[in-house]
Structures are given as C-alpha cells and as structure tokens.
Amino acid sequence: MKTIQEAVRAYLQEQTGITTVSDRTRVRGTYPLLAVSVQESGTVLICGGRQAEHTYQVTVTVVSDRERDEGTALVSSLVPHLLRGIPLERSGTRRHLHPLDIRTEEERLTFSLELCVPVPPAETAAAPVTESMNTLYFEI
C-alpha cells in the first residue's frame, strides 16, 4: 500500500507543482496542500490462484488555504492529470495504473486502483527423497 501511496503522491506533486504529502504528515504554512491516503478494499485470486488482483481506494484531500477557499476548483483540476495514468515502478517493472471511478466531493477526490501481482509460491518443507522405480524393482 505504501508503494501505491508514494506513487500517487509523487505523480500529483510532479504534475501539479502543489505540495503533496502522505496522509497524516504534518506540514506547516504550505498552501495549497494535497494529502493522499490509500486503503486496500479487496483482493481476488485470478488465473487459477496464480495471480492476485488488489483493489485500492485512494483519497486525495485538498486544503487550499486556512479559509478553505477554492478547494472544489482545485480538486476538479486534478482529474485530467489522473486520466493520463499514474506511473508505478515495482520490482524493476514499470507500469501505469489507471484510476477507476473518479469522484469529487467538496474538498475530496476519490478513485480506485487495481493492481495484479503474482502470488508467491508457498514455501514447502524439504520433500522426502524418493527412490526411482528401477531401484524398487530390482530390490524385490
């Protein structure tokens, strides 16, 4: 989740030039300000259990100034940037995440992201050594 949060934060800051922080980070005297928070809303196994599709709910909160003027306009200006896709580099692979169901409400913008990742193989204990059929056949 932190990877997704950092990718959204960095992308919005780069595209808008507005100070963007992860949720619950304290920043004094900087306006306008964007705060990004991410929650995982579900995981589904696909491809016969070989891949997992994670769904993340992202919330971007805008604080335009102490009086909170023009917050709604600032939120609406973020939508075109999100429609281009959010670059994410993970495990040496570069991807673009495309926001789904983008909604604005007052000073908040919410959307969901889906990310498919391979399910790591289960660690198994060392299998017992099996004898070959040839050895079994000649010992009988």
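In the predicted model, strands β4 and β5 pair in the antiparallel sense. Five bridges join them. Strand β5 covers residues 93-97. Within this pairing, Glu89 has Arg94 of β5 as its bridge partner. The two strands form a hairpin, with two residues between them. In the turn, Ser91 has a positive phi of about 55 degrees.

The hairpin belongs to a mixed chain of four helices and seven strands. From the N terminus on, the order of elements is α-β-β-β-α-α-β-β-β-β-α. The protein chain has 140 residues, and 31% of them count as buried. Its accessible surface comes to about 9,700 Å². Carbon and sulfur atoms account for 49% of that surface. Among contacts with a separation of 6 or more, 52% are between residues 24 or more positions apart.

The largest nonpolar core holds 25 residues. Ile4, Val8, Leu12, Val60, Ile86 and Phe111 touch the most other members. Several elements each supply at least two residues of this core. The helices among them are α1 (2-16) and α2 (71-76). The strands are β2 (33-46), β3 (51-63), β4 (86-90) and β7 (108-118). Strand β4 of the hairpin is thus also a contributor to the core. In soluble globular proteins, nonpolar side chains tend to be buried together.

Val8 shows how these parts of the chain meet. Beyond its neighbours within four places in sequence, Val8 is in contact with Val36, Val58, Ile86, Phe111 and Leu113. Two of these partners, Ile86 and Phe111, are listed with Val8 among the residues that touch the most other core members.

Next to Val8 in sequence, Arg9 lies in helix α1. Arg9 is buried, with a relative accessible area of 17%. The cut-off for buried is under 20%, so Arg9 falls within that class. Leaving aside neighbours within four places in sequence, Arg9 is in contact with Thr20, Val21, Ser22 and Val36. Val36 is also a contact of Val8.

What does the side chain of Arg9 meet in a salt bridge? The partner is the side chain of Glu6, at 2.7 Å from N to O. The same pair of side chains makes a polar contact at 2.7 Å. Arg9 and Glu6 are three residues apart in helix α1, so about one helical turn separates them. Glu6 is partly exposed, with a relative accessible area of 37%. The bridge therefore links a buried arginine to a partly exposed glutamate. Side chains of opposite charge can pair when their charged atoms come close.

The count of salt bridges comes to two. The other joins Arg103 and Asp101, with the closest N and O atoms 3.1 Å apart. Here Arg103 counts as exposed, at 52% relative accessibility. Asp101 is partly exposed, at 49%. The two arginines thus differ in burial: Arg9 is buried, whereas Arg103 is exposed.

Thr59 has its place in strand β3. At 18% relative accessibility, Thr59 counts as buried. Its contacts, apart from neighbours within four places in sequence, include Ala35, Val36 and Ser37. Arg108, Leu109 and Thr110 are also in contact with Thr59. Val36 recurs here: it is in contact with Val8, with Arg9 and with Thr59.

Definitions and conventions:
Residues are numbered from 1 along each chain as its sequence is written. This is a predicted model: local features need pLDDT of at least 70, side-chain atom pairs count only at pLDDT 80 or more; totals for chains, interfaces and linings use all residues. Side-chain values use heavy atoms; hydrogens and water are left out. A nonpolar core is a set of buried Ala, Val, Leu, Ile, Met, Phe, Trp, Tyr and Cys residues joined through side-chain atoms within 4.5 Å. Buried means under 20% relative accessible area, exposed over 50%, partly exposed in between (1.4 Å probe, protein chains only). Contact means heavy atoms within 4.5 Å. A salt bridge is a side-chain nitrogen of Lys or Arg within 4 Å of a carboxyl oxygen of Asp or Glu. A polar contact is a pair of N or O atoms within 3.5 Å; within protein, one must be able to donate a hydrogen and the other to accept it, and residues adjacent in sequence count only if both atoms are side-chain atoms. Two strands pair if DSSP finds at least two bridges between them. Accessible areas come from the Shrake-Rupley method with a 1.4 Å probe; for residues, only the protein chains shown count as cover.
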